[in-house]
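Visitor: Please choose one part of this structure and examine it closely for me. I should then like to understand how that part sits within the rest of the chain.

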Amino acid sequence: MDGQQQWEHDGYLILRAAVPAAAIGAYPDELQRLRDGLLVRAPGDEHASLAAHAAPGSAGAVDPYAISDAARAVLLPEPVVATLTELFGGDAPLLFDATEALAGAPDPGPYRDATYVAVSDALTVEVVALGELDVTLHPGSQQIATTPFSGRYRHFNPERDGNAALDRHRAEVAAAVQDRETTTLSLAPGDVLLFAGGLIHAPIAGDALIAHLCPLRAQPSWFTYRPERARLAAVGAAWITTQHYDLVDAIEREPESPTTTAEDDAETEREIEGVEDALRAHDDRPPDAPTAPPPGPTANRRTGGLVNSVRGIMGRRGRR
């Protein structure tokens, strides 16, 4: 069966050697260099903390792509972006969180990421093998229905649903896969596993980055309670966002050329105006699309968000 058929039937795809060996090798060195500004989380911790405050090897990086070019290269190589764009019906992928497996799994038993990660549409999990890695999952289990939380939600919220609801959900998941086929996938460094957010799998342990993505048309739930972080930035043909870092400051901009003329500036400004018009049209979502979050304190026409990203890209593009 082809990739689309396998995705629909089994709920996962493997992209062998999708990440170049050079990118895999550069990642740990760059994170070590950026350690003073890197956020990490230890297994069982609810909140992230500075890596400089954690013992080496005790915690995994949280959203390292916000400050690391090497992390972006590992998480968003061209084969991954192209595959996700196809799976999302032509919509660009939005990377909205990632952690190293060292941060720990959200559940000790078989679980689906959609239980713990809320997004308005098409949650997809990406596992990038940084070393030799085995991942155990239940093919096709994304089609298994479980009782919604509080009568309507796929995502668990402890304040809203209570611990008894999570216990019931765990029991349902365990019972559903008890006699179901199990597949263990062996990944080599640079291999990428993509699977549906509803696919049931064992906790992932080892040297790996685990990321969550969705189509650009969708929204992570945290956009509603972290509007000041509801910002997007372009990375090639994909987009990124993170609730843990300020992307306006995190993504480094190259300085303008000292030879840039006033005529060059005027030309670029006219082009940016056209891009801004296109972005506004992009934001005219259909009536049944998720509601956009309220603007944060930096959501204006000249700073932050999409427009700031476009300005940074066009500024690097080859101004004379």
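Guide: Two strands are said to pair if DSSP finds at least two bridges between them. Please keep in mind that the model is predicted. The part I have chosen is strand S8, residues 133–137, together with its partner, strand S9, residues 183–187. These two strands run in the antiparallel sense and are joined over 5 bridges. At one of these positions, Leu133 has Leu187 of S9 as its bridge partner. In general, the strands of a sheet pair through backbone hydrogen bonds, and the pairing may be parallel or antiparallel.

Consider next the side chains of S8, which alternate along the strand. Leu133, Val135 and Leu137 point to one face and are buried. Asp134 and Thr136 point to the other face and are not buried. One of the residues on the buried face, Leu137, belongs to a nonpolar core of 16 residues, which also includes Ala129, Leu185 and Leu187. Leu187 is thus found both in this core and opposite Leu133 in the strand pairing. In soluble globular proteins, nonpolar side chains tend to be buried together.

Let us now turn to the wider setting. The largest nonpolar core has 45 residues, and Leu75, Leu76 and Val128 have the most contacts inside it. The core of 16 residues lies apart from it. Beyond its close neighbours in sequence, Leu76 touches Val81, Leu95, Leu213, Val235, Ala238 and Ile240.

Val81, one of these contacts, lies in helix H4, residues 78–87, where Val80, Val81, Thr83, Leu84 and Leu87 are buried. These buried residues lie on the same side of H4, because they cover an arc of only 165 degrees around its axis. The face turned away from that side carries Glu78 and Glu86, which are exposed. Just after the helix, Gly89 takes a positive phi of about 70 degrees.

Leu84 of H4 leads us to strand S7, residues 124–129, for it is among the residues in contact with Thr124. Other contacts of Thr124 include Trp7, Phe88, Phe195 and His212. Thr124 counts as buried because its relative accessibility is 2%, and the limit for a buried residue is under 20%. A second threonine, Thr99 in strand S5, residues 93–100, also counts as buried, at 17% relative accessibility. Among the residues that Thr99 touches are Arg41, Ala61 and Ala208.

Arg41 brings us to another sheet, since strand S2 covers residues 39–41. Here 3 strands form an open, antiparallel sheet in the order S3-S2-S4. S3 (49–50) and S4 (60–61) each have a single partner strand, so one side of each is left without a neighbour in the sheet. S2 and S3 are joined over 2 bridges, with Leu39 opposite Leu50.

Finally, the chain as a whole has 9 helices and 14 strands. Of its 320 residues, 48% count as buried. Its accessible surface comes to about 15500 Å², and carbon and sulfur atoms account for 52% of that area. Among contacts with a separation of 6 or more, 78% join residues 24 or more positions apart.

Notes: Residues are numbered from 1 along each chain as its sequence is written. This is a predicted model: local features need pLDDT of at least 70, side-chain atom pairs count only at pLDDT 80 or more; totals for chains, interfaces and linings use all residues. Side-chain values use heavy atoms; hydrogens and water are left out. Buried means under 20% relative accessible area, exposed over 50%, partly exposed in between (1.4 Å probe, protein chains only). Helices (H or I, at least four residues) and strands (E, at least two) are DSSP runs, numbered from the N terminus. Contact means heavy atoms within 4.5 Å. Accessible areas come from the Shrake-Rupley method with a 1.4 Å probe; for residues, only the protein chains shown count as cover. A nonpolar core is a set of buried Ala, Val, Leu, Ile, Met, Phe, Trp, Tyr and Cys residues joined through side-chain atoms within 4.5 Å. The arc is that of the directions from the helix axis to the C-beta atoms. Lists of a residue's contacts leave out its neighbours within four places in sequence.
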